[in-house]
Amino acid sequence: MGKMKRGQIERQDAALHPVTLGEIADKGLDVFCWCNRCTHSAVLPTARLLKELGPAYPVPEVGARLVCSSCGSRDVATRPDWPNLWAAPREAG
Ligand SMILES: [Zn+2]
């Protein structure tokens, strides 16, 4: 399985249609949130968001519903929390 190649494809795909909560739930991913004002970040459990918003809800849209718990800003970005999965660093040898 070409995991590195797969990561690129996922990103191109995301430009065409935003990834949904149901899709990342299938992959066991949570939602990574990032405050554009103070750079505070957090991870939200996808299972909880699924109950509130449903599986067809686009992950990038989740941020519009969030308020930064650190500075109170509404300028919050969200994306699947996938770095460990797609680019898992492995020690050679
Ligand atoms: Zn903030």
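I take helices and strands as DSSP runs, a helix having at least four residues and a strand at least two, numbered from the N terminus. With that, I looked up Asp30 and found its place in the loop between helix 2 and strand 1. The model I am reading is predicted.

**Entry: overall make-up.** I counted elements in the protein and have 5 helices and 3 strands. Read from the N terminus on, they run α-α-β-β-α-α-β-α. I then looked at burial: of the 93 residues, 16% count as buried. I also checked how far apart in sequence the contacting residues are. Of the contacts between residues at least 6 apart, 68% join residues at least 24 apart.

**Entry: the sheet.** I looked up how the strands are arranged. They form an open sheet of 3 strands in the order 2-1-3, and the pairing is antiparallel. Strand 2 (41-44) and strand 3 (76-80) are the edge strands, each pairing on one side only. Direction ignored, I note an average turn of 25° between neighbouring strands of this sheet. For strand 1 and strand 3, I find antiparallel pairing over 5 bridges. Within strand 3, Val76 is the residue that stands opposite Cys35.

**Entry: the core.** Which residues make up the largest nonpolar core? I list 11: Leu21, Ile24, Leu29, Val31, Cys33, Cys35, Leu49, Val59, Val62, Cys68 and Val76. Helix 2 (21-26), strand 1 (31-35) and helix 4 (59-62) are the elements that give two or more residues to this core. Strand 1 gives the most, with 3 residues. The facing residues noted above, Cys35 and Val76, are both on the core list.

I followed Val62 from that list. Setting aside neighbours within four places in sequence, I find Val62 in contact with Val31, Leu49, Tyr57 and Thr78. Among these, Val31 and Leu49 are core residues as well.

**Entry: back to Asp30.** Is Asp30 buried, exposed or partly exposed? I count 18 other C-beta atoms within 10 Å of Asp30, so this residue is partly exposed; a buried residue would need 20 or more, and an exposed one would have 12 or fewer.

Next I looked up what Asp30 touches. Apart from neighbours within four places in sequence, Asp30 is in contact with Val43, Leu44, Pro45, Thr46 and Asp81. Of those partners, Val43 and Leu44 have numbers that fall in strand 2 (41-44).

Last, I checked a distance from Asp30 to a core residue, Val59. The C-alpha atoms of Asp30 and Val59 are separated by 9.9 Å, and the two residues are 29 apart along the chain.

Notes:
Residues numbered from 1 in each chain as written. Predicted model: local features only at pLDDT ≥ 70, side-chain atom pairs only at ≥ 80, totals over all residues. Contact = placed C-beta atoms within 7 Å. Core = buried A, V, L, I, M, F, W, Y, C linked by C-beta atoms within 7 Å. Pairing = 2+ DSSP bridges. Axes fitted to C-alpha atoms, helices over the stretch in contact; angles between N-to-C directions.
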